[in-house]
Amino acid sequence: MKALSINPYNNEVVFENDVLNDNEIESALESSSKAFSFYKAEFSEKRARLLKSVADVLRKNKTSYAKTISLEMGKIFKDSLAEVEKCASLFDFYSENISVFLQDVNIKTEFKVSKIVYNPLGVVLAVMPWNFPFWQVIRAAAPIIGGGNCLMLKHASNVSECAKTIENIFIEAGFPENIFKTVIVNSSKVSNIISDKRIAAVTFTGSTDVGRKIAEAAGKILKKSVLELGGNDPYMVFEDADIDKAADICAKSRLINVGQSCISAKRFIVNQNIYDEFLGKFSSIIKSKKYGDQFDDSNDLGPLVSVKARDDINNIVSDFVKNGANKVYGKEITDKSSALFEPTILEIPEHIKVEEIEVFGPVALVYKAKSDEDAVRIANTSKFGLGSAIFSKDTEKAIRTAEKYVDSGSVFINDLVRSDARLPFGGIKESGYGRELSDLGVKEFQNIKTLVCA
Ligand code: NAP
């Protein structure tokens, strides 16, 4: 069986990769487990040097890696380059900090020795999505492998070439084989791999529905899991916001990766007193964007990931309109030979329940709030809780509101939600649990061992 990668701009098959059979999966588990048995003893200084070397390889070959990303899932080429560069910076960060994050912590007690030491857990299975096919994997891999674990990657089936390429990057950087191992497998095999004794833990990034299945498989045998799931991020525009700035940042965030980002702004909840002005400015920015071939530098946006994904979003938009949403902008495209989609703006009356659905494409859902407090109330109605943003010139009030009243894993004020190596990243409610990045991302996959000597 083959995993096919299809360029969504023209529907052409660009890569074909063999899917592993059961014997090959068994052999991959065995090799990873053996690799861990010696890698766990490696000094963190050596691991740090290897991480730095991965950053160098990424920078050296960034054009070729970016081309693979754009071909497989349609990302605009300059954004693919930026994705590879961001991955390199993440390795720089962990190379500089891993030893500090994993230093023993002495705790003063009556004992001769009482301290925390950190030990890696083992082979961590990473099940990853296609939308940032390098970044999502690297965001998990750098802290997991930097912390002395091995990682086995099951990537999304449409980006198998990226998956293989990332494994080769680790080898080229000097890591022994099987510390980072790609397995191209059907998703029906994942539960069995999770339950295998040689897998110590699982990290999953993807949709909430699949996250539930991963958690169930891990929970059955009490295996550690971290889940980074879907979002429906609200951007609240308060009455005193700088409207030009808010409109610009909101449009930018909604269009990240043609709207196929867990943390791109999805709902815009605007105080009624500035609603018309905001909507006018926001719409004119969205309308100015050019979309088309991801390799044409004059385009701002490439296609969606597949014709199916585009048709699914067309259907969601039609349902919203049928139920009373007002389409401000966006025409339906149904051409079967390409996954292009025109950015769309919908005004949403409160009776339409959009907060339970994640629209994974460039569809802006705009709400009118009676007041700033009402905007926060509407924001919190969602079952998701990944990121959120507030726009206000009164930053003290905005910080107070963010701290006490907004239900999400992160709140950005007067800026767009983004991931940053220095800051923890993750969600609450049905957006998942656990944290990636920063020191917390490393410690998720460590045995935080208490050591006492009387
Ligand atoms: P997805 O359909 O959930 O797939 C994610 C991964 O799970 C893929 O590797 C997929 O493999 C695998 N998978 C699918 N069904 C499975 C099953 N029954 N058992 C085990 N594994 C299974 O998500 P996606 O469409 O790739 O990505 C989009 C979603 O990811 C969005 O919801 C987005 O918000 C979320 N996301 C979240 C974050 C975050 O940090 N919170 C970041 C990025 C994306 P196959 O391709 O082989 O099906």
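Okay, let's start right at the ligand: a polar side-chain atom of S157 sits 2.4 Å from one of the ligand's oxygen atoms. Before I go on, keep in mind that what you see is a predicted model.

S157 has company. There's M128, where a backbone N or O atom lies 2.8 Å from an oxygen atom of the ligand. And there's G206, with a polar backbone atom 3.4 Å from a ligand oxygen. So how much of the ligand's accessible area does the protein cover? On its own the ligand has 910 Å² of it, and the protein covers 84% of that.

Now, which elements give two or more residues to the shell around the ligand? They are helix 5, residues 135–146, strand 8, residues 199–205, and helix 8, residues 208–220. Helix 8 gives the most, with 3 residues. Around the ligand there are 28 residues, and the ones that come nearest are R139, S157, S207, L229 and E358. If you sort the shell by character, you get 14 nonpolar residues, 9 polar ones and 5 charged ones.

Let's move on to the sheets. One of them is an open sheet of 6 strands, and reading across, the order goes 7-6-5-8-9-19, with mixed pairing. The edges are strand 7, at 180–182, and strand 19, at 432–433, and each of these pairs on one side only. Strand 19 pairs with strand 9, residues 224–228, over 2 bridges, in the antiparallel sense. If you want to find a spot on screen, look for E228, whose bridge partner in strand 19 is G432.

Remember the two helices from the ligand shell? Helix 5 packs on this sheet and touches strands 5, 6, 7, 8 and 9. Its direction makes about 160° with that of strand 6, which is residues 150–154. Helix 8 lies across strands 5, 8, 9 and 19, and runs at about 170° to strand 8.

Next, go to the start of the chain. Strand 1, residues 2–7, and strand 2, residues 12–18, pair antiparallel over 6 bridges. One pair to look for is L4, with E16 as its bridge partner in strand 2. The two strands form a hairpin with 4 residues between them. What is the phi of N11, in the turn? It is positive, about 65°.

Last stop: an open sheet of 3 strands, in the order 3-4-20, with antiparallel pairing. Why is one side of strand 3 and of strand 20 left without a neighbour in the sheet? Because strand 3, at 105–106, and strand 20, at 446–453, stand at the edges, and each has a single partner strand. Strand 3 is joined by 2 bridges to strand 4, residues 113–120, and the two run antiparallel. On that stretch, V105 has I116 as its bridge partner in strand 4.

One general thing to take home: in a regular strand, side chains alternate between the two faces of the sheet. Thanks, everyone!

Key
Residues numbered from 1 in each chain as written. Predicted model: local features only at pLDDT ≥ 70, side-chain atom pairs only at ≥ 80, totals over all residues. Heavy atoms only, no water. Near = heavy atom within 4 Å. Polar contact = N/O pair within 3.5 Å; in protein donor to acceptor, adjacent residues only side chain to side chain. Areas by Shrake-Rupley, 256 points an atom, 1.4 Å probe, with all protein chains shown as cover. Nonpolar A, V, L, I, M, F, W, Y, C, P; charged D, E, K, R; others polar. Pairing = 2+ DSSP bridges. Contact = heavy atoms within 4.5 Å. Axes fitted to C-alpha atoms, helices over the stretch in contact; angles between N-to-C directions.
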